[in-house]
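Me: I am new to this structure and would like a close look at a single part of it. Please take one link in the chain and follow what surrounds it.

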Amino acid sequence: MGVSISKILVAASALLLAAGGASAATLDIVKEKGFLQCGVNTGSAGFASPNDKGEWAGFDVDYCRAVAAAIFGDGTKVKFTPLSSKDRFAALQSGEIDVLIRNTTWTLSRDTQGFDFTGVNYYDGQGFMINGKKLTGITSALQLSGATICLQAGTTTELNVADYFKANRMEYNPVVFEKLEEVNNAYDSGRCDVYTDDRASLHSIRLRLASTADHIVLPEIISKEPLGPAVRQGDPQWADIIRWTHYALLTAEELGITKANVDQMVKSDSPEIRRVLGQEENTKLGTDLGLTNDWVVNMVRAVGNYGEIFDRDLGAGSRLKIDRGINALWTKGGLQYPMPIR
């Protein structure tokens, strides 16, 4: 998903200059507050939404908790700011949040206009969902010429669907809303023939519709949507912490370090496992980041490894039942490849 951000950045820069242009390191600010302020989705099942107890849960939420655990040794020391697509970058640039972990697509324009992406924690692509009872016989997006399509304002979704229909010489009627809930309600009430969004989001939205079984996600993937955390430019230490949180979660899965066995794994004879878990003598990988050397232990204790997070929130252990696919580890044919922790 995306948004035009040049005006936001100009306004935010003016505010920073008015404040004197000085800014402390984000890690120091977070430690002084005593908690991490994490920007998340307003409500996307599997990624970020309140559960039955009113507690935030989901894939992105667990990443926020992993960062908090790495910093404080406690994954509960995090507060969540739900943000719309339109508001998310302004909140990050202004300092309202410390990190944006909100199923956000990494693009060149975002990476060069005030933000740094720290990795891809979920590889996705844009797709289409239809009501199979309403649009009978439709099996491909190439059959959607003339359709009315619901989508969210301020996102790359708008641009992608325009490119796709133009390239295939098809026409469509966009119905655009600012809030995700408005898009969901419009589609569910039959105001639109088609819903377009990232495919993982479509699976999430499908669960909330009045008649889940009637809705079909079509096979076409019309874009690349590499989703990942974003931070403000100009603070390399903070970017490193968020980046290596991701790689550490992947490495833990790769080495078989889980939430259940991490306390036993610290006693391992494996030099690599001991190094990753901060048990090797003279290791200072954690302190190089500004953390303690047991930062990975603390993260895995809090949320498990990448595979556990995926399974719990998006995969077989969730209602979504999304296959790992290209989000599998590189050793299993996927694209998730952690950089070496050494």
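Reply: Cys38 and Cys64 are joined by a disulfide, with an S to S distance of 2.0 Å. The model is a predicted one, and this distance is computed from its atoms. The link is left-handed, with -65 degrees about the S-S bond. Cys38 belongs to strand 1 and Cys64 to helix 3, so the disulfide ties together parts that lie 26 residues apart in sequence. Both Cys38 and Cys64 are buried.

The strand that holds Cys38 comes next. Strand 1 covers residues 36–41, and six of its six residues are buried, so the rest of the structure largely encloses this strand. Strand 1 runs parallel to strand 4 (residues 78–83), and six bridges join the two. Within that pairing, Leu36 has Val78 of strand 4 as its bridge partner. Strand 1 also runs parallel to strand 5 (residues 99–100), here with two bridges. In strand 5, Leu100 stands opposite Gly39.

Cys38 is also part of the largest nonpolar core, which has 59 residues. Cys38, Phe59, Tyr122, Trp238, Ile257 and Leu277 are the members that touch the most others in this core. In soluble globular proteins, nonpolar side chains tend to be buried together. Trp238 leads back to strand 1: leaving aside neighbours within four places in sequence, its contacts include Leu36, along with Val67, Ile71 and Val99. Apart from this core lies another, of 16 residues, with Phe128, Ala147, Val161 and Val194 among them.

Helix 3 (59–72), where Cys64 lies, has a further role as a neighbour: helix 3 is among the elements that cover the buried residues of helix 14, as are strand 7 (122–124), helix 9 (236–255) and helix 13 (295–303). The buried residues in helix 14 (residues 306–313) are Tyr306, Gly307, Ile309, Phe310 and Asp313. They are on the same side of helix 14 because they cover an arc of only 160 degrees around the axis. At the N-terminal end, helix 14 is capped by Asn305, which has a side-chain oxygen 3.0 Å from the backbone nitrogen of Gly307.

The count of disulfides comes to two. The other joins Cys150 and Cys192, with the sulfur atoms 1.8 Å apart. This link is right-handed, at 60 degrees about the S-S bond. Cys150 sits in strand 9 (residues 147–152) and Cys192 in the loop between helix 7 and strand 11, 42 residues apart. Cys150 and Cys192 are both buried. Counting bonded cysteines along the chain, the disulfides follow the pattern 1-2, 3-4.

Methods:
Residues are numbered from 1 along each chain as its sequence is written. This is a predicted model: local features need pLDDT of at least 70, side-chain atom pairs count only at pLDDT 80 or more; totals for chains, interfaces and linings use all residues. Side-chain values use heavy atoms; hydrogens and water are left out. A nonpolar core is a set of buried Ala, Val, Leu, Ile, Met, Phe, Trp, Tyr and Cys residues joined through side-chain atoms within 4.5 Å. Buried means under 20% relative accessible area, exposed over 50%, partly exposed in between (1.4 Å probe, protein chains only). Contact means heavy atoms within 4.5 Å. Helices (H or I, at least four residues) and strands (E, at least two) are DSSP runs, numbered from the N terminus. The arc is that of the directions from the helix axis to the C-beta atoms. A polar contact is a pair of N or O atoms within 3.5 Å; within protein, one must be able to donate a hydrogen and the other to accept it, and residues adjacent in sequence count only if both atoms are side-chain atoms. Two strands pair if DSSP finds at least two bridges between them. A disulfide is a pair of cysteine sulfur atoms within 2.5 Å.
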